[in-house]
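Open the model in your viewer and keep the selection tool at hand. The tour goes stop by stop: what to select, and what is there.

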Number of protein chains: 2
Amino acid sequence: MKATVIHAPGDVRLTEVPDPQVVLPTDAVVRVVASCVCGSDLWPYRGANAVDEPRRIGHEFVGVVEEVGPEVTGVRPGQFVIAPFVWSCGECAACRWGMQTSCERGGGWGGEDRDGHFVDGGQGEAVRVPRADGTLVPVDGIDASVDERLLASLLTCSDVMGTGWHAALRAGVQPGETVAVVGDGAVGLCAVLAAGLQGAERVIAMSRYPQRQAVARTFGATDIIETRGDEGVEALRELTDGWGADRVLECVGTHDSMLQAIRSARPGGTVGYVGVPHGIELPIELMFRRNVNLAGGVAPAREYAPMLRDKVLAGEIDPGQVFDAVMPLAEVARAYTAMDERTAIKVMLRP
Amino acid sequence: MKATVIHAPGDVRLTEVPDPQVVLPTDAVVRVVASCVCGSDLWPYRGANAVDEPRRIGHEFVGVVEEVGPEVTGVRPGQFVIAPFVWSCGECAACRWGMQTSCERGGGWGGEDRDGHFVDGGQGEAVRVPRADGTLVPVDGIDASVDERLLASLLTCSDVMGTGWHAALRAGVQPGETVAVVGDGAVGLCAVLAAGLQGAERVIAMSRYPQRQAVARTFGATDIIETRGDEGVEALRELTDGWGADRVLECVGTHDSMLQAIRSARPGGTVGYVGVPHGIELPIELMFRRNVNLAGGVAPAREYAPMLRDKVLAGEIDPGQVFDAVMPLAEVARAYTAMDERTAIKVMLRP
């Protein structure tokens, strides 16, 4: 089959690789219907994370189960499934706490499992899925011919919608509160949507791009702030009687964006953060003095996927609007370029 | 009157100072019945915080109202009162959020208010209290002759019991959970007590001192860990199936204690921190990967004081056991020495 390999910063290629197979009795093989490029894929693409040797990439996909091992009972061949961005056993304490990203048996896509067997990346034609019962979220009533709008929304449940949800949930959004969102990538936009779903009365999106602002408005943003840094904090405070927002959702992961988020929170407020941290030095004295809490981390998308899937299927949410481009998997390199240059918010890849 | 002045690290003296007076119509003057030395007073005493010029010190006291300004309606002369460790207006948004430590009009003891009028420190014979209605918590039915055991417990409501409560509350302790407490000073011991009150099933106190361990046991600690650093984390994990505690209460404020706390939390757990931070560099990547949240800050003791006062008066809690020494105010220098050398957990001072 064909799958995406990152060879070096700026160099991703679709490559012929071995077909995935059921290796362990708890495995499934999933034929990918759609995958996508994540903001976090841009870290190695931009050279912010090292790429020591060529490796598979991609961790968000939906597809149809092709084959399952003899111990798999939760999904069956022919079933449409959502794959969260890490795989997990579903049985250990971490999984029971809803912290599947800390599963004692689980791991990421595009590497080896703990038994040394290869696990494919998501940006390919098919994937060997370890611990299929703990990992995959079935979607009944649809198949590979699902229309692209619904497909897009289901695909967000594998990462960005769950990650935005996590930011809002960890921040502790309460009904009637004011929530600010730092970051206008797909996760930030999903965080806008999640904040409203969790009861926020006012959702302030911080965004400089008109196209992203438009999606934020569609997702329920009540205010837009175009400035950043000191100016952005100042503008936010002006909107909140000088105090700051009750909750701030940090969806970028840089030092500047985290500082902006912490400074944007009111005394006693909470920053829910889901941006993968890069070079962040936390201002602990400021946080202490103002009682600004920091909650979040790598989102357990598996925990939220069934609930988000149901909201998507019921037509309550349409997070797939974050996909503003669809490309064939063969053009994966162009998809990275579009994301890197911000000409697309998020690109869906169809094998 | 006499009040304590810190002249330099290691040098505190009881000094003759002007008598406090009602200056603003919202002021009260309180005659101190008991005050005490705080762990945070040891930062300047030990030279960890600069002492640029001689200044008043002490921020925990209880006493009897001597005089009030014409706009004070919440307390009256002759009434016994608890003074939280910062004063606050009780009216601004921060005060309404229960974040009186961020009051837009408030401030600390032993300095100037925002109108430039002097505010006494707590380790003295009397104190000018600004914003008396927002600050003081009345205690009906007792007077300056209150017995020393009840006095001690009421005095903890001005800081350490409220601070321990804040650590547990911010950590989000849930019924049935396992809570670890880092730090066995008065705040740490009160955090042990608070964790149990908030429903913890298991409270693991980290303490090397037998006397403090004994108080921790009295306050409901179910387990004691005597080791620190890697060994302490290892011991904690052994007690928790390898995962760590659901909540960890950080009651010290050093880099090492904070790291120990963060490493002791299970995936998805929360560190509630109240130790004044000194030199802490937060391990954001570790926190992100394990979803360990950090919540807390300078405790709004004013918010919890009425509730804690009621529990003390009802005999439900006896946090005054953290005071293992009582000295006359004239011997304040000896009180600092005892705290500094850890021969006392916490020293009460009687003018």
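Start by selecting Val276(B) and His278(B): the backbone oxygen of Val276(B) lies 3.0 Å from a polar atom of the His278(B) side chain. This is a predicted model, in which local features need pLDDT of at least 70, side-chain atom pairs count only at pLDDT 80 or more, and totals for chains, interfaces and linings use all residues. Residues are numbered from 1 along each chain as its sequence is written, chains are lettered from A and ligands numbered from 1 in the order in which they are written, and side-chain values use heavy atoms, with hydrogens and water left out.

**Stop 1: around His278(B)**

Stay on His278(B), which sits in the loop between strand E17 (265-273) and helix H10 (284-290) of chain B. Helices (H or I, at least four residues) and strands (E, at least two) are DSSP runs, numbered from the N terminus. Now add Asn49(B): its side chain and that of His278(B) are joined by a polar contact of 2.8 Å. A polar contact is a pair of N or O atoms within 3.5 Å; within protein, one must be able to donate a hydrogen and the other to accept it, and residues adjacent in sequence count only if both atoms are side-chain atoms. To see the wider surroundings, select Trp43(B), Ala48(B), Asn49(B), Gly253(B), Thr254(B) and His255(B), which His278(B) touches when residues up to four places away in sequence are not counted. Contact means heavy atoms within 4.5 Å.

**Stop 2: Asp113(B)**

Next select Asp113(B), in the loop between strand E9 (111-112) and strand E10 (118-119) of chain B. Is Asp113(B) buried or exposed? Asp113(B) is buried, with a relative accessible area of 7%. Buried means under 20% relative accessible area, exposed over 50%, and partly exposed in between (1.4 Å probe, protein chains only). Show the side chain of Asp113(B) and look for the backbone nitrogen of Asp115(B), which it reaches at 2.8 Å. The Asp113(B) side chain also makes a polar contact with the side chain of Arg128(B), at 2.8 Å. With neighbours within four places in sequence left aside, the contacts of Asp113(B) are Leu24(B), Trp87(B), Val119(B) and Arg128(B).

**Stop 3: a sheet in chain B**

Select strands E1, E2 and E4 of chain B: they form an open sheet in the order E2-E1-E4, with antiparallel pairing. Strand E2 (11-16) and strand E4 (55-56) of chain B are the edge strands, and each pairs on one side only. Two strands pair if DSSP finds at least two bridges between them. Strand E1 (residues 2-8) of chain B is joined to E4(B) by two bridges in the antiparallel sense. To find one of these places, select Val5(B), whose bridge partner in E4(B) is Arg56(B).

**Stop 4: the sheet E2-E1-E4 in chain A**

Move to chain A, where three strands form an open, antiparallel sheet in the order E2-E1-E4. Strand E1 (residues 2-8) of chain A runs antiparallel to E2(A), and six bridges join them. Select Ile6(A) and its bridge partner in E2(A), Val12(A). Then select helix H12 (residues 332-340) of chain A, which lies across E1 and E2 of chain A and runs at about 155° to E2(A). Axes are lines fitted to C-alpha atoms, for helices over the stretch in contact, and angles run from 0 to 180 degrees between N-to-C directions.

**Stop 5: strand E16 in chain A**

Select residues 245-250 of chain A, which make up strand E16. Why is E16(A) largely enclosed by the rest of the structure? Six of its six residues are buried, so E16(A) is largely enclosed. Add strand E13 (residues 178-182) of chain A, which pairs with E16(A) in the parallel sense over four bridges. Ala180(A) has Val248(A) as its bridge partner in E16(A). Within E16(A) you will also find Arg247(A), which is buried, with a relative accessible area of 11%. Measured against sequence distance, Arg170(A) is a useful second pick: it and Arg247(A) are 77 residues apart in sequence and 9.7 Å apart in space, C-alpha to C-alpha.

**Stop 6: two chains together**

Finally, show both chains. Chain B can be laid on chain A with an RMSD of 0.0 Å by a turn of 180° and a shift of 0.0 Å along the axis. That is the relation of a two-fold axis. Copies are superposed by least squares on the C-alpha atoms of residues with pLDDT of at least 70 in both. Select Leu294(B), the residue of chain B that comes closest to the rotation axis, at 2.6 Å (C-alpha).
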